Amino acid sequence: MKAFKKRGALTHFQILSEISKQDPHLKQKDLAKKLGITIQAVSENIKTLIELGYITSKDGRSPYKITQAGIDKVKKDAINLRKYSDSVLETMNHYKTIWPAIATEELKKEDIVGLYMDGGVLYAHKKEENATGVVISDAEPGMDVSLTNLTGLIDMNVGEVTVIIVPTIKDGGSKSSDLELIKNVYAKGTNTGEEFDKIAVAGTVSRAIINKLDLNIDIEFAAPQGTANAARKGLNVLAVVVGDMSKAFTRELESEKIKFNIIDGAK
């Protein structure tokens with residue numbers, strides 16, 4: 001917007017616009033209040049506008065009168081401002097919020113697709129679902145597809161989290177942990193009998209235990225946040241956590257209102 005590139009140009013436009021209303025009682029403090037600037041700033045700008053020949057005044061004080069040059073200046077700047085605003089509005093009207101998903105089949109631009117969540121991943125296909133979207137560009141099966149105009153609700157249940165607290169290395173570490181208990185908890189699943197989808201660890205002792213049980217670690221770094229994120233996407237998580245590290249998990253899960261239970265993993 002070239003009209004307001006120079007420093008103070010927008011303030012000049014605002015002051016001229018106010019003065020053009022021909023209010024004989026308009027004072028500098030009124031301008032300062034309307035524009036959100038100091039009275040000193042108003043005074044300095046008025047002085048500049050007088051020097052440029054855009055307004056006239058006796059001794060730099062009210063009443064202020066806008067000159068023909070000032071009127072022409074306001075009109076020109078207002079037209080430029082309107083053109084700029086129109087271009088922004090046009091851009092916003094064409095702006096699309098884009099969401100990514102995985103295509104389960106070949107999808108073409110403008111296809112209306114059903115959306116569903118599986119394993120914490122959003123998928124798109126041509127079957128009917130409670131949530132739908134419109135394909136922006138062609139996609140092959142198994143590849144990412146860009147979607148817009150999402151409507152409806154994606155069917156998704158919040159997962160459960162089981163936190164097993166194991167001893168610190170000072171308290172014996174894995175040697176003082178009940179590996180059989182941890183193994184059985186994993187095999188049994190959640191309180192509702194569902195399988196665990198992911199395993200999270202916090203601490204070296206936890207990593208050693210999961211390795212010993214020949215299980216895969218899915219979440220390790222920023223484990224409390226990662227565990228909560230996975231649960232929000234409908235995944236059940238078993239978190240093996242060393243000592244007081246469990247506090248970070250409980251805080252995160254409680255703040256996200258995710259169901260969890262805690263088990264003592266020591267012998």
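## Salt bridges, a barrel and an enclosed helix

Lysine 34 and glutamate 18 form a salt bridge, with their closest N and O atoms 3.1 Å apart. The lysine 34 end sits in helix α2 (residues 28-35) and the glutamate 18 end in helix α1 (residues 9-19), so this pair ties together parts that are 16 residues apart in sequence. Keep in mind that we're looking at a predicted model here.

Glutamate 18 has another partner too: its side chain meets that of lysine 21 in a salt bridge, at 3.3 Å from N to O. Put together, Glu18, Lys21 and Lys34 are linked in a network of salt bridges. What about burial? Glutamate 18 is buried, because its relative accessible area of 14% falls under the 20% cut-off. Its two lysine partners are another story: lysine 21 counts as exposed at 56% relative accessibility, and lysine 34 counts as exposed at 54%.

Over in helix α4 (residues 68-94) there's a salt bridge within one helix. Aspartate 77 pairs with lysine 73, the closest N and O atoms being 3.5 Å apart. Both residues lie in α4, four residues apart, or about one turn of the helix. Is aspartate 77 buried or exposed? It's buried, with a relative accessible area of 3%. Lysine 73 counts as partly exposed, because its relative accessibility of 27% lies between the 20% and 50% limits.

The structure holds seven salt bridges, including the three in this table.

| Salt bridge | Closest N to O distance |
|---|---|
| Lysine 34 – glutamate 18 | 3.1 Å |
| Lysine 21 – glutamate 18 | 3.3 Å |
| Lysine 73 – aspartate 77 | 3.5 Å |

Back to helix α2, which is also the place of leucine 31. This residue is buried, with a relative accessible area of 0%. Which residues does leucine 31 touch, leaving aside its neighbours within four places in sequence? The contacts are Ile15, Glu18, Leu26, Val42 and Ile46. Glu18 turns up again in that list, this time next to its role in the salt-bridge network with Lys21 and Lys34. As for alanine 41, it is ten residues from leucine 31 in sequence, and the two C-alpha atoms are 10.0 Å apart in space.

Now for the strands. Five of them make a closed barrel, running β3-β5-β4-β6-β7 with mixed pairing. Going from one strand to the next, the twist averages 55°. In general, strands of a sheet pair through backbone hydrogen bonds, either parallel or antiparallel. Which sense do β6 and β7 take? Strand β6 (residues 131-135) and strand β7 (residues 144-152) pair in the antiparallel sense, over four bridges. To pick out one spot, threonine 132 has threonine 151 in β7 as its bridge partner.

Finally, take a look at helix α7 (residues 223-232). Why is α7 described as largely enclosed by the rest of the structure? Because seven of its ten residues are buried. Those buried residues are Ala223, Pro224, Gly226, Thr227, Ala228, Ala230 and Ala231. What do they pack against? Their surroundings include three strands, β8 (161-166), β9 (198-202) and β10 (237-242), along with helix α8 (246-255). After α7 comes glycine 234, whose phi is positive, near 90°.

Note on methods. Residues numbered from 1 in each chain as written. Predicted model: local features only at pLDDT ≥ 70, side-chain atom pairs only at ≥ 80, totals over all residues. Heavy atoms only, no water. Pairing = 2+ DSSP bridges. Helix = DSSP H or I, 4+ residues; strand = E, 2+ residues; numbered from the N terminus. Axes fitted to C-alpha atoms, helices over the stretch in contact; angles between N-to-C directions. Salt bridge = Lys/Arg side-chain N within 4 Å of Asp/Glu carboxyl O. Buried < 20%, exposed > 50% of the residue type's maximum accessible area, 1.4 Å probe, protein only. Contact = heavy atoms within 4.5 Å.
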